[in-house]
Amino acid sequence: MAPIISINSLSKTYSNGFTALDNVSFDIEEGEILALLGPNGAGKTTLISIICGITNPSGGQVTVSGHDVVTEFRKTRGEIGLVPQELTTDMFETVFNTVSFSRGLHGKKPDPAYIDQVLKDLSLFEKRDNTLRELSGGMKRRVLIAKALSHQPRILFLDEPTAGVDVALRKDMWQLVERLRKTGVTIILTTHYIEEAQGIADRVGIINRGKLLLVEEKNALMRKLGRKQLTIELLEPIDAIPKSLDSYSLTLGEGGKELVYDYDLGSGDGEIARLLLAIDSANLRFEDVSTRQTSLEDIFVSLIGEAA
Ligand SMILES: Nc1ncnc2c1ncn2[C@@H]1O[C@H](COP(=O)(O)OP(=O)(O)OP(=O)(O)O)[C@@H](O)[C@H]1O
């Protein structure tokens, strides 16, 4: 199946000479949830803005459903809903009118029943006749999402949708993303909450200083770069790891009271049992054993660190 979005050798240098994107290429498949991760200033918003036709690229090309985002802007923009980081809209307008107007901007016929459904889905229905300035910050965020969905887009961009929102709204947001996924909407989100990306994304792309470091299926990424750590809490502290344990890559932590063993997720069976037996044979007594698996966050931090 042809990708819904195709990004080829995309570069962006702003008028002040700053290069925010440097030769970025990748495809986005229809119906997937892609999380774009990267530190502040990495180029995520620039990338989204180019795909949405808000910013022009300096080089390269982006197509949405086979149409060029620059030369066929009207066609491509109609397929996309964008939830920006900030609300820029008329604060004296009502919720319903704001969302309905947004639909009209995309050249779609009015559909009050659909707009009401979107408001219900976002728990905004009770506020449909309130003006935006009467809403809380979290509710204004919901309006941004309602606006982005007003014209029934096939692709939804969420630019840091949960930054600074409360737990309830965050939960609602991810439930909505799940529901939209079921209807076949392609979702691209940027987030600083990496554990959220880990929970919800099918694929993860990591951007740093305008370069795409990787884009990969989340589970494959976790398998490839994920490691496990076994911590053995000793009853008595030791000064050094006994020689007989040299064949295991152990480190000594917590004032000599912890032996830490790093291993691959794919390590063979019996490896840990052998280690525990070897520890016992070395006359070390332990009171507890715990394991921890590398999170997407660990992988992210180590990749960004390497690229710095
Ligand atoms: N209009 C502009 N003119 C000059 N430089 C810009 C402009 N817009 C963005 N930049 C710079 O481009 C870089 C990438 O910015 P961008 O907003 O794309 O990053 P981001 O990954 O979305 O960051 P954040 O996570 O902080 O939102 C930053 O260094 C930013 O200062």
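**Strand pairing, helix packing and the ligand shell**

Val-64 sits opposite His-67 of strand E5. That pair belongs to a predicted model, and it makes a handy way into the sheet. Strand E4, residues 59-64, and E5 run antiparallel and are joined by 2 bridges. Thr-63 faces Asp-68 of E5. The hairpin of E4 and E5 has 2 residues between the strands, and here Ser-65 takes a positive phi near 50°. For background, most residues other than glycine have a negative phi.

Val-64 also looks the other way along the sheet, so to speak: Ile-5 stands opposite Val-64 in E4. Strand E1, which covers residues 5-13, is linked to E4 by 5 bridges, and these two strands are antiparallel as well. Put together, the strands make an open sheet of 4 in the order E2-E1-E4-E5, with antiparallel pairing. Its edges are strand E2 (19-28) and strand E5 (67-68), each of which pairs on one side only.

A further pairing involves strands E6 and E7. Strand E6 (residues 80-83) and strand E7 (residues 155-159) run parallel, with 4 bridges between them. Leu-82 has Phe-157 as its bridge partner in E7. In a regular strand the side chains alternate between the two faces of the sheet. In E6, Ile-80 and Leu-82 point one way while Gly-81 and Val-83 point the other, and all of them are buried.

Phe-157 turns up again when helix H1 is considered. Its C-alpha atom is separated by 9.8 Å from that of Ser-49, although the two residues are 108 apart along the chain. Ser-49 is part of helix H1. Ser-49 counts as partly exposed because it has 19 C-beta neighbours inside 10 Å, where 20 or more would make a residue buried. Setting aside neighbours within four places in sequence, Ser-49 is in contact with Ile-54 and Thr-55.

Helix H1 matters for the ligand shell too, in a plain counting sense: H1 (residues 44-51) gives the most to the shell, with 3 residues. The residues surrounding the ligand are Tyr-14, Asn-16, Phe-18, Ala-20, Gly-38, Asn-40, Gly-41, Ala-42, Gly-43, Lys-44, Thr-45 and Thr-46. Sorted by class, this shell holds 4 nonpolar, 7 polar and 1 charged residues.

Next come the helices. Two packed helices are described by the angle between their axes and the distance between the axes. For helix H3 (residues 95-105) and H5, the axes come within 7 Å and cross at roughly 30°. The crossing of H3 and H5 is right-handed. On the H3 side, the contact is made by Val-95, Thr-98, Val-99 and Ser-102, which meet Val-143, Ala-146 and Lys-147 of H5. By class, the residues in the contact of H3 with H5 come to 4 nonpolar, 2 polar and 1 charged.

The loops on either side of H5 hold some residues worth a look. Ser-123 lies in the loop between H4 and H5. Although Ser-123 is not a glycine, its phi is positive, at about 50°. Ser-123 is partly exposed, because 15 C-beta neighbours fall inside 10 Å. Gln-152 is placed in the loop between H5 and E7. Gln-152 is likewise not a glycine and has a positive phi, in this case about 55°. With 16 other C-beta atoms within 10 Å, Gln-152 is therefore partly exposed.

Arg-133 is also found in the loop between helix H4 (112-121) and helix H5 (137-149). Why is Arg-133 exposed? Arg-133 has 10 other C-beta atoms within 10 Å, and a residue with 12 or fewer is classed as exposed. Not counting residues up to four places away in sequence, Arg-133 touches Met-91 and Phe-92. Arg-133 and Glu-254 are 121 residues apart in sequence, and their C-alpha atoms are 53 Å apart in space.

Notes: Residues are numbered from 1 along each chain as its sequence is written. This is a predicted model: local features need pLDDT of at least 70, side-chain atom pairs count only at pLDDT 80 or more; totals for chains, interfaces and linings use all residues. Two strands pair if DSSP finds at least two bridges between them. Two residues are in contact if their C-beta atoms, placed from the backbone, lie within 7 Å. A residue is near a molecule or strand if its C-beta atom, placed from the backbone, lies within 6 Å of it. Ala, Val, Leu, Ile, Met, Phe, Trp, Tyr, Cys and Pro count as nonpolar, Asp, Glu, Lys and Arg as charged, and the others, Gly among them, as polar. Axes are lines fitted to C-alpha atoms, for helices over the stretch in contact, and angles run from 0 to 180 degrees between N-to-C directions. A crossing is left-handed if the near helix is turned anticlockwise from the far one by less than a right angle, and right-handed if clockwise.
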